[in-house]
Amino acid sequence: MMLTLTKNKRRSMEQLSQDGVISALAFDQRGALKRMMAQHQTEEPTVEQIEELKSLVSEELTKYASSILLDPEYGLPATKVRDDASGLLLAYEKTGYDATTTSRLPDCLDVWSAKRIKEAGADAVKFLLYYDVDGDEAVNDQKKAYIESLGSECRAEDIPFYLEILTYDEKISDNNSPEFAKVKARKVNEAMKVFSEERFGVDVLKVEVPVNMNYVEGFAKDEVLFTKEEAAQAFKDQEAASDLPYIYLSAGVSAKLFQETLAFAAASGAKFNGVLCGRATWAGCVPVYIKDGAEAAREWLRTEGFKNIDDLNKVLEKTASSWEDKIN
């Protein structure tokens with residue numbers, strides 16, 4: 001069933017996209033960002049460092065992005081220096097998950113709500129859910145109820161709800177392993193089917209590509225698990241899994257591999273509606289910022305960062321479809 005948007009949600013969706021394509025920059029990382037920064041300095045990254053780095057990226061790169069995803073914990077200063085034409089998504093989830101359990105239950109930020117996110121100037125609420133479609137039924141039922149609640153909250157505030165789904169397997173610890181690669185397409189595509197149901201109130205799905213391209217012939221450097229035809233079928237199945245607009249996350253792969261993957265997805269029949277791309281765009285500025293300071297990082301963003309996002313935008317022009325095609 002095709003999605004119907006209210007007037008306010010449509011206006012917000014238009015603010016977040018350009019010609020119906022969402023070319024969004026993701027910088028809501030918190031725990032992952034601290035770990036990246038800690039690799040290049042001996043002391044714990046400070047709040048001031050994290051806020052400054054997010055602000056630098058926002059100020060320099062939102063000129064070339066349709067929108068930016070930030071977090072309310074460290075990203076609010078960055079919202080104020082973004083380009084005026086760039087839309088804003090704010091993350092609603094706490095960073096990380098309890099690694100001592102396989103359930104990976106979701107949790108919202110303590111002093112935030114969809115109302116407060118909207119009051120902070122956001123055009124959409126984004127929430128990250130870890131989901132194993134083959135996992136414990138009671139755990140999954142709890143997760144479904146949680147997303148139903150968030151969807152209702154966003155409906156009440158008349159603000160778009162972007163649900164990011166990260167898949168995993170309760171019995172496989174390494175998502176980059178050949179074992180997980182063999183089940184990834186099912187995990188991703190079946191999860192999309194589940195949360196496309198109207199009861200969840202999701203407006204846009206932010207999802208992984210259904211294949212680990214490092215195991216696909218022509219892309220793999222070592223072990224090959226899938227032919228190009230098999231990989232293409234996974235993308236066809238993904239397109240059939242949902243009528244909702246969906247966008248891809250970069251999942252920390254290189255800018256080059258991500259761009260090549262988008263071209264492959266489109267050629268395979270995936271009518272994706274853009275990207276929320278993070279580390280593939282800005283990760284290279286982290287060591288520069290730590291070692292050489294803010295101005296050196298700014299220069300990196302104006303050169304390498306710009307090239308990454310400009311190259312991505314050129315690929316999107318040829319590969320992404322407008323979300324308008326999926327709206328009543």
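**View 1. Overall dimensions of the chain in this predicted model.** For a chain of 328 residues, a compact globule would have a radius of gyration near 20 Å, and the 19 Å found here agrees with that. Along the principal axes, the C-alpha atoms fill a box of roughly 50 × 45 × 45 Å.

**View 2. Inside the fold: secondary structure, burial and contacts.** As you trace the chain, you will meet 12 helices and eight strands. Buried residues account for 56% of the 328 residues. Among contacts with a separation of 6 or more, 73% join residues 24 or more positions apart.

**View 3. Helix α3 crossing helix α12.** Here we zoom in on α3, residues 47-61, and α12, residues 294-319. Their axes come within 10 Å and cross at roughly 45 degrees. That angle is neither under 35 degrees nor in the range from 65 to 115, and the two helices are therefore oblique to each other. The crossing of α3 and α12 is right-handed.

**View 4. The residues where α3 and α12 meet.** Which residues does α3 bring to α12? On the α3 side they are Glu-52, Leu-56, Val-57, Glu-59, Glu-60 and Leu-61. Facing them from α12 are Ala-294, Ala-297, Arg-298, Leu-301, Arg-302, Gly-305, Phe-306 and Ile-309. Sorted by class, this contact has eight nonpolar, one polar and five charged residues. Glycine is counted as polar, so Gly-305 of α12 is a polar residue in this contact.

Definitions and conventions
Residues are numbered from 1 along each chain as its sequence is written. This is a predicted model: local features need pLDDT of at least 70, side-chain atom pairs count only at pLDDT 80 or more; totals for chains, interfaces and linings use all residues. Side-chain values use heavy atoms; hydrogens and water are left out. Axes are lines fitted to C-alpha atoms, for helices over the stretch in contact, and angles run from 0 to 180 degrees between N-to-C directions. Helices (H or I, at least four residues) and strands (E, at least two) are DSSP runs, numbered from the N terminus. Angles under 35 degrees count as roughly parallel, over 145 as roughly antiparallel, 65 to 115 as roughly perpendicular and the rest as oblique. A crossing is left-handed if the near helix is turned anticlockwise from the far one by less than a right angle, and right-handed if clockwise. Contact means heavy atoms within 4.5 Å. The radius of gyration is taken over C-alpha atoms; the globule rule is 2.2 Å times the number of residues to the power 0.38. Buried means under 20% relative accessible area, exposed over 50%, partly exposed in between (1.4 Å probe, protein chains only).
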